[in-house]
Amino acid sequence: MEIIISNASDKPIYEQISSQIKGAILSGSLQAGDALPSIRALANDLRVSVITTKRAYSDLEELGFIETVQGKGSFVAGGNLELLREERLRRVEQLLEAALGEAQSAGVPAADLHDMLDALIEAARTT
């Protein structure tokens, strides 16, 4: 798992860490039961404070993405398929909203948008 921290980002470092781990879970790169690096090991790898990584893990645990077992570490939570599905649907909605905004700025009519989406769906089926 590779996490990239940007000092130029307006997001706090703990949020960058948690969003990248959440993204890896949502994309399937991390599966239920997969072990995450220890808080200390991740802090050392990223050269950030242990408090920062602890906050990221705490936020992920609160959202149900990971579970921490005392003395064993943190793992990708299992059994939260509905939570993951809802998160993915929200992400798709955000991307569609962005695409709609771009289309409206470019003056693309709704019928053309439907045609584009249908063509993308058809292309995805054949690959």
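1. Helices, in this note, are DSSP runs of H or I with at least four residues, strands are runs of E with at least two, and both are numbered from the N terminus. On that basis Thr126 sits in helix 5, which covers residues 110-126. The structure is a predicted model, and the points below should be read with that in mind.

2. Overall architecture. Five helices and two strands make up the secondary structure of the protein chain. In sequence order the pattern is α-α-α-β-β-α-α, with the two strands following helix 3.

3. Overall dimensions. The radius of gyration of the protein chain is 18 Å, whereas a compact globule of 127 residues would have one near 14 Å. The C-alpha trace of the protein chain spans about 55 × 35 × 25 Å along its principal axes.

4. Burial and contacts. Of the 127 residues in the protein chain, 24% are buried. Among contacts in the protein chain with a separation of 6 or more, 46% are between residues 24 or more positions apart.

5. Surface and charge. The protein chain exposes about 8900 Å², and 53% of this area comes from carbon and sulfur atoms. The protein chain carries 12 positive and 19 negative side chains. The centres of these two sets of charges lie 9 Å apart.

6. The nonpolar core. Which residues touch the most other members of the largest nonpolar core? They are Ile17, Ile21 and Ile25, in a core of 20 residues. Helix 1 (13-27), helix 2 and helix 3 are the elements that give two or more residues to this core. Helix 1 provides the largest share of this core, with six residues.

7. Ile25. Apart from neighbours within four places in sequence, Ile25 is in contact with Leu30, Phe65, Ile66, Val76 and Leu84. One of these partners, Ile66, is taken up next.

8. Ile66. This residue lies in strand 1, residues 66-69. Is Ile66 buried or exposed? Its relative accessible area is 2%, and buried means under 20%, so Ile66 counts as buried. Outside the four nearest places in sequence, Ile66 is in contact with Ile25, Leu36, Tyr57, Leu60, Glu61, Ser74, Phe75, Val76 and Ala77. Ile66 and Gly78 are twelve residues apart along the chain, and their C-alpha atoms are separated by 8.2 Å.

9. Gln20. Helix 1 also holds Gln20. The relative accessibility of Gln20 is 27%, which lies between the limits of 20% and 50%, so this residue counts as partly exposed. Not counting residues up to four places away in sequence, Gln20 touches Glu2, Ile3 and Ile4. The C-alpha atoms of Gln20 and Glu2 are separated by 8.6 Å, with their positions 18 residues apart along the chain counted as the separation.

10. Arg47. Where is Arg47 placed? It is in the loop between helix 2 (39-46) and helix 3 (50-62). Arg47 is not a glycine, yet it has a positive phi of about 55°. With a relative accessibility of 78%, Arg47 counts as exposed, because the cut-off is over 50%. Anyone checking the backbone in this loop can start from Arg47.

11. Thr126. To return to helix 5, Thr126 counts as exposed because its relative accessibility is 62% and exposed means over 50%. How far apart in space are Thr126 and Glu87, C-alpha to C-alpha? The distance is 27 Å, for a sequence separation of 39 residues.

Notes
Residues are numbered from 1 along each chain as its sequence is written. This is a predicted model: local features need pLDDT of at least 70, side-chain atom pairs count only at pLDDT 80 or more; totals for chains, interfaces and linings use all residues. Side-chain values use heavy atoms; hydrogens and water are left out. The radius of gyration is taken over C-alpha atoms; the globule rule is 2.2 Å times the number of residues to the power 0.38. Buried means under 20% relative accessible area, exposed over 50%, partly exposed in between (1.4 Å probe, protein chains only). Contact means heavy atoms within 4.5 Å. Accessible areas come from the Shrake-Rupley method with a 1.4 Å probe; for residues, only the protein chains shown count as cover. Lys and Arg count as positive and Asp and Glu as negative; His and the chain ends are not counted. The place of a charge is taken as NZ of Lys, CZ of Arg, CG of Asp or CD of Glu. A nonpolar core is a set of buried Ala, Val, Leu, Ile, Met, Phe, Trp, Tyr and Cys residues joined through side-chain atoms within 4.5 Å.
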